[in-house]
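Open the model in your viewer and keep the selection panel handy. We will go from stop to stop, picking one thing at a time and looking at what surrounds it.

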Amino acid sequence: MKPFFKVPKGCLFFPRLSIRHYSLKAPQPKISKLKITFNKASESSGEKAVDTYSIDTDSCPIAQANDNVLSPIPSKPSLPPSLQYVRDLMDLYKEHVVLTQMGSFYELYFEQAVKYAPELNISLTNRAYSHGKVPFAGFPVHQLSRHLKMLVNNYGYSVTIAEQFKKEDVANNEINKFYRRVTRIVTPGTFIDEAFENLRENTYLLNIEFPENCMSQVADVSLKIGICWCDVSTGEIFVQQVYLKDLVSAITRIQPKEILLDERLLGFHIESGTWYPELVELKKFFIKYQKMPSQHRTIESFYGLFNLGEKEATDRQLRIQFQTFTQKELAALRNTLLYVSDHLPDFSINFQIPQRQLATAIMQIDSRTSAALELHSTVRDNNKKGSLLSSIRRTVTPSGTRLLSQWLSGPSLDLKEIKKRQRIVGFFKKNVDLTETLRLMLKKVNDLSRILQKFSFGRGEALELIQMAQSLQISREIRDYLLDNVSLMKVTLKSQILQLTETLDFEKGLVDDILKFINEEELVKSQDVKQNGDANAILEIDVKEKKDVNKDEVSELTDFIVNPSFNSKLRKLHDAYQCVWQKKEKLNNSLKDLFVGELGAKTFALKERQNGEYALHVTGTVSNLKKIDELIAKKTEFYGNSCHILQQSSQTRWLSHRFWTDLGHELELLTLKIRNEESNIINLFKRKFIDRSDEVRQVATTLGYLDTLSSFAVLANEKNLVCPKVDESDKLEVVNGRHLMVEEGLSARSLETFTANDCELAKDNLWVITGPNMGGKSTFLRQNAIIVILAQVGCFVPCSKAHVGIVDKLFSRVGSADDLYNEMSTFMVEMIETSFILQGATTRSLAILDEIGRGTSGKEGISIAYATLKYLLENNQCRTLFATHFGQELKQIIDRKCAKDLREKIKFYQSGITDLGGNNFCYNHKLKPGICMKSDAIRVAELAGFPTEALQEAREILG
Ligand SMILES: Nc1ncnc2c1ncn2[C@@H]1O[C@H](COP(=O)(O)OP(=O)(O)OP(=O)(O)O)[C@@H](O)[C@H]1O
């Protein structure tokens, strides 16, 4: 029998999975194929027509075309140009949802309108054209984000967005004054709007570069694969080279929102697991198949996507960095960069220098282990609440939370780094008041990396500029605060803290300038007005109603957001504005004296009407207004100008007045000029931050680091955690260990307290844990794995003492598998998972195995359990916890078949039940040496509400 993937010498043979016997379900509809070509090379492969529509908008005729330009294939000449454009886009971006901006709406046409209108819950209508009716549906521009969420996140579609632009130098009254072009293609990995809102998580896009033609051969577990992942919303980008056997662990760690694969792999259905079983894991993700023409673009052509200050310095740094990457990593990087730049053609991407992650620096946790240990979500309902992350999270900044999540997915193998973290946590834990003050400061810090990215994309409000400046100011305060307290620190800690504080020293002048020259109060006010406006728009309040209300006097000086003293140009504009404003005040007072004082009007004001006209607004009684009318009719001059009536009602008059009209226009023009200059200044400041991207990111990283470590200190004090001894030994010794989440659950539900248990393993030691059902076996296994993870992220651990020799890989075979291997029997899944452990575990690994062999008949199950146990001891020689209901049977086989030295490496522990008399009992979760002889399954059945008759029957059979 031929193995279906290559098994290294000395490892177990894998069962052959024939697709005939285990026909796998078709993948979920998340997978979409993007037919886009990117280079001329494809002309030869018969895709010339498609090539004409490259989404590279610079060279793309269609993307830049205005609505008049017809498709090169004049398929439906009777369509109006704008519709023809939509039709062409739909043909080009097949399988994408195409949203085209038409005025202040995004619209869907033709069959897409029919298909997606119900999914978006918007109304579907028809519009009549000369060639017939066309179905269409749309929504206002400001609702884009809401509908994108639905299309991309809920339905997993790719969305192509064509925006409308006004042609330059075209008069307003021309019919074809707009053109449209594709500004972005939104997929889960490039959905920046969503990422900017979702502060606690990274939005990673992952590209996997399989070697060419590798799928036409049997899978080789030592195949080298290049991966690259990036978060466009924070600018992070990483590369790594992994072996095929470690690929799924890497994916689990990265938790990408989208995975990019070469289009050529489409036919291999890799997520079915037929080529390499572990790849069934890909079913969990949004997969995009993409033509990968990386060889046609040099890496240098992407240098513009990085901004590390001066261009030359950036290029030099990148060149040096890329020399350290392998070819596979570079290929993955190139394709990722290409994909991002093609999907966000209108955004200036600003990545940090790509970081190379080494497989040897991070603990490997495969997806089953991550799920079984509930690191990020619970097994039962896939909820974040109740997970390890949510139960230990005390971070107060978005970057701290994201860092914590990354650390939990990939704990460190770097002893020096772990000890550094422990030292800092220990210091924060001891100095409670200092930590409290630090965290109060951290709480005020905004998400610097995301604000920076917004600026790079030409987005970001002026208020975010203030937030950026304030956060950087706080980072200086944190720096000073820590420096003030270095006397409390021991030598090593002191030098580490000093190193950290260096990165918090961001240029003071820039920050001070922003805080000095930009008026935060006005910004907050205008933000409130905007938010209210948005809320009204969302509520779709009748706009007409608002239009009836005429604007009050032109803005007062306080509406401006940049201090006039910023530069002479702004000063001059403000002086001119002041001068006109004073004239306006004088005019207002004089006319008020005249109309109210002398002519008896009730009120008087200088106003701008909704239609833009400047007018005098007078109210009064019918007789007073009559007097005014008569004066107007006689062409009487008011403050040097005669008036005429623009609009009247019984008690109001709108009057024209030349002088006010001139002043109004002057004020309007000056306001525009000031706002324009302000916008230039804001953009200048933003640019300054973009040019210092590297420094801003360093501050963000350090603040996230301090946040995470101080949060560990808070947690340690709150949960009574201790600092574990971590070293390169082969030990796993835990005294009075606890499971944080189970403990939390118990205290929330009942008065019962958690029973702490010890664990003492060394290399090639194996503990067999037996006990009744519900006796706490799985809990014990998991708690020790979690303690290892916590120890290696630098966190303190729930026990009274721990000694953890660094674990390189964590394996588990716990509980029922998820549904990925659909149509495979539970036992087959169990065996596949166990095989991965037997093939992957090293002498530095920790394996937790729960009830191996339970999925088949008793005798065979026991033999499999024994074989697994023996293989682990003899070959893997890792630290192992092995829970089973076959304790007695296993012991007998071990005694019979194993040599003394092997027998001595196996220890048996049991939990039990304490009888309380009658039918009453309680679980005794305390582990003690020995083997539990019975599982007390009938008691569990009784607790679960089994019918008495059935229970009786079971008891009789048991005897
Ligand atoms: N050390 C402990 N102290 C207190 N309660 C515990 C402890 N360990 C487990 N429990 C409680 O017992 C429940 C069952 O534990 P667990 O699932 O670990 O048992 P098990 O022995 O693996 O059961 P089974 O053999 O039926 O799978 C837990 O949900 C928890 O409420």
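Begin at the ligand and select helix 26, residues 777-793: with 3 residues, helix 26 gives the most to the shell around the ligand. Keep in mind as you look that this is a predicted model.

**Stop 1: around the ligand**

Now widen the selection to the whole shell, where 14 residues surround the ligand. The closest are N773, G776, S778, T779 and H925, so try showing those as sticks. Besides helix 26, helix 25 (740-749) also gives two or more residues to this shell. Colour the shell by class and you should find 9 polar, 4 nonpolar and 1 charged residues.

**Stop 2: the sheet beneath helix 26**

Stay with helix 26 and add the strands it lies across: strand 23, strand 24, strand 25 and strand 27. Compare its direction with that of strand 24, to which helix 26 runs at about 110°. These strands form an open sheet of 4 with mixed pairing, in the order 23-27-24-25. Which strands sit at the edges? Select strand 23 (725-727) and strand 25 (757-761), each of which pairs on one side only. Ignoring direction, neighbouring strands here are turned by 15° against each other on average.

For a closer look, pick strand 24 (residues 732-737) and strand 27 (residues 801-805), which pair in the antiparallel sense over 4 bridges. Click on V734 and then look across to strand 27, where A802 is its bridge partner.

**Stop 3: a six-stranded sheet**

Next, move to another open sheet, this one of 6 strands in the order 5-6-4-3-7-8, again with mixed pairing. Strand 5 (125-129) and strand 8 (178-186) stand at its edges with a single partner strand each, so one side of each has no neighbour in the sheet. From one strand to the next, the twist averages 35°.

Select strand 7 (residues 158-166) together with strand 8: the two run antiparallel and are joined by 8 bridges. Label F165 and you will find Y179 of strand 8 opposite.

Then bring in helix 5 (residues 144-154), which lies across strand 3 (96-102), strand 4 (105-109), strand 6 (132-140), strand 7 and strand 8. Its angle to strand 7 is about 155°.

**Stop 4: helix 13 on helix 17**

Two packed helices are described by the angle between their axes and the distance between the axes. Try this with helix 13 (residues 415-430) and helix 17 (residues 491-502), which pack at about 100° with their axes 10 Å apart. That angle makes helix 13 roughly perpendicular to helix 17. To see the contact, show K420, R423, I424 and F427 of helix 13 with T492, L493 and Q496 of helix 17. By class, the contact residues are 3 nonpolar, 2 polar and 2 charged.

**Stop 5: helix 16 on helix 18**

For the last stop, select helix 16 (residues 462-484) and helix 18 (residues 508-517), whose axes come within 9 Å and cross at roughly 135°. Helix 16 is therefore oblique to helix 18, and their crossing is left-handed. On the helix 16 side, display L465, I466, A469, L472, Q473 and R476; on the helix 18 side, K508, V511, I514 and L515. Coloured by class, this contact divides into 7 nonpolar, 1 polar and 2 charged residues.

Notes. Residues are numbered from 1 along each chain as its sequence is written. This is a predicted model: local features need pLDDT of at least 70, side-chain atom pairs count only at pLDDT 80 or more; totals for chains, interfaces and linings use all residues. Axes are lines fitted to C-alpha atoms, for helices over the stretch in contact, and angles run from 0 to 180 degrees between N-to-C directions. Angles under 35 degrees count as roughly parallel, over 145 as roughly antiparallel, 65 to 115 as roughly perpendicular and the rest as oblique. A crossing is left-handed if the near helix is turned anticlockwise from the far one by less than a right angle, and right-handed if clockwise. Two residues are in contact if their C-beta atoms, placed from the backbone, lie within 7 Å. Ala, Val, Leu, Ile, Met, Phe, Trp, Tyr, Cys and Pro count as nonpolar, Asp, Glu, Lys and Arg as charged, and the others, Gly among them, as polar. Two strands pair if DSSP finds at least two bridges between them. A residue is near a molecule or strand if its C-beta atom, placed from the backbone, lies within 6 Å of it.
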